[in-house]
Amino acid sequence: MLKSKEIEMGKNFWKMVFIGGWFVVLLLCSTVLVAYEAKEVINPETCFTCHSEVKELWNSGKHKVKMDCTQCHSNFKDHSDNPEGTKPVTNLNPENCGGCHKNQFESFFMRNMNESARVEKSLLTDRSPNPLWDKLMMGHGFTKEHNAPRSHAYMLIDHLIVDRAYGGRFQAKEGWQYVVTKPPVKAWEVLEDRYPDSKEHKPFIPESGAAANPNCLKCKTNDSILKWKYMGEKDPKAKWDRTSNVVEYVKDLQNVMACIHCHDPHATKPRVVRDGLIQALTRPEADTLWHKDPKKTGIKVIDFREFRKIAILDKYDTKLQCGQCHVEYNCNPGLDQKTGEKVGLADIRTNHFPLKDVFQIYDHYNNLGFRDFKHTLTGGLLFKAQHPEAEVFWNSKHDKAGVSCNNCHMPKVKTKKGEVFTSHWQTSPRNYIKETCLQCHQKWTEEEAIYTIDSIKNHIKGKMRKAEFWLSNLIDKIVEAKKAGISDDIIKSAQEQHQKAHILWEWWTAENSDGFHNPEQAKESLTRSIEEAKKGIEILNKVLSEK
């Protein structure tokens, strides 16, 4: 009897296993079916009915072979039901590109552990050492914190946390541990707002500044590329513009600037997206370094429904692509050069690219009628450069020899499997001398290449220190003359000499190669800075001696 019951129980057990197994299979099938039905299948031609400007790009590119719109876009049904009211969702996360372009993606997010975080340029050993830096730039936000660049992988969080930008309101959740967070980094997974109840853009901690504005972010992230009208103008379709509250704006950002800044995802061709650069390349004056370059790369500007623009390049040209950010541009409020009145972000001059060399900048900004800040001691109106690497490299010896930014900063490298690809770890050539310098200077050793680099940089830094000495003397002399009651017209003449000398010096504190990109131009500029400063001192000494 017991044995028959055991047999019956065994049959029931296997029956339950059989039924349960089929239940699991059916559940899995239904899940797959639901997922399949949920995935939107879109024929690109359906999109091209409205997006004709994208059709031409798409048909000329490589992505059309293996991909469709769903790779980067979703929410098609809602968009098709209400085209103007509901936009498709676009995946701007760089990891989307990294799914196929693994080597490029992983190299882009490499860290340089030899470049510390938050290294102030005002250190005695760095590019613009104190005490003269704070004196020469007194009245400008960069005296609050002015850091040397770190890896591109950290550009957004490093911008958000710097003391001069947001008044100290954004801080790391885990303190200094944030500096070694492994990239890619999501900004708001690492940082927090310590003053969330206030939307006011102001200093919250001592010796900080609130100098950031929406224009600043155009070089830090692509997350708002579809929410920003050309040149940051106001538009009902634009969520953000030049005058937006930057505290609210940055809460909408997570990822660093990456692939789509330089690579068009539809055409799979090189491009630029920075509106200020496109405006410079197309302005009627045709007065930029690019316009005057007989070997300039051709561009084709595409206007997306009078909202935003891109420029497709005839070929890869890193002077333009890197020059979207590594360039002098005005991205901040300032002062009218003639009246001294404030120039706010509503003014188009606050999103402006000169794209000219250091010897043209004084006249350019005079014609534009713009100065960055008022010097606290002299009362004069002065200029502040942003990282002008592209203009400095233009017409240098390396440029004329056919060398491009990528040859030194993004060379071809090999994987462990022997695959050759373009490294996207934008870093100093000293981090891969064999793949960079020694490709041309084949008789050099690695030690000789580094020795040459350091020799040039140290020579130019020495010239910068001399220029700072004479600028400091000119500032002291202007202060002395004002106290002595020297007439306003003489003071203004000396202040203009200060502006001339200041530009020819400060350009090189903003440029991140210590003049290596164009040592001849750097030396000439700094020599002229000394001469202009001495002229200003001479003007005042003459008047003071006669008083």
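Begin by selecting strand β7, residues 308-313, which contributes three residues to the lining of the largest cavity, and gives the most to that lining. Keep in mind as you look around that this is a predicted model. With the strand still highlighted, add K218, I225, W228, V273 and D275, since among the 14 residues that line the largest cavity these are the ones that lie nearest its centre. The space they mark has a volume of about 190 Å³, and if you colour its lining by residue class you should find five nonpolar, three polar and six charged residues.

How many cavities of 30 Å³ or more does the structure hold? There are two of them, and the next selection takes you to the second largest, where about 50 Å³ of space lies. To display the lining of this second largest cavity, select N93, P94, E95, F109, P184, V185, K186, N255 and V256; by class, this lining divides into five nonpolar, two polar and two charged residues.

Now leave the cavities and turn to a pocket. Select α13 (318-321) together with α16 (397-400), each of which supplies at least two residues to the lining of the second largest pocket. Then show D293, K295, K319, D399 and G402, which lie nearest the centre of this pocket, out of the 22 residues that line it. About 440 Å³ of space lies in the second largest pocket, and a last colouring by class would show nine charged residues in its lining, along with seven nonpolar and six polar ones.

Conventions: Residues numbered from 1 in each chain as written. Predicted model: local features only at pLDDT ≥ 70, side-chain atom pairs only at ≥ 80, totals over all residues. Heavy atoms only, no water. 1 Å grid on protein atoms, 1.4 Å probe; cavity = no way out; pocket = protein on both sides within 12 Å on 5 of 7 lines; lining within 4 Å. Points joined across faces, edges and corners; volume = space filled by probe spheres on them. Helix = DSSP H or I, 4+ residues; strand = E, 2+ residues; numbered from the N terminus. Nonpolar A, V, L, I, M, F, W, Y, C, P; charged D, E, K, R; others polar.
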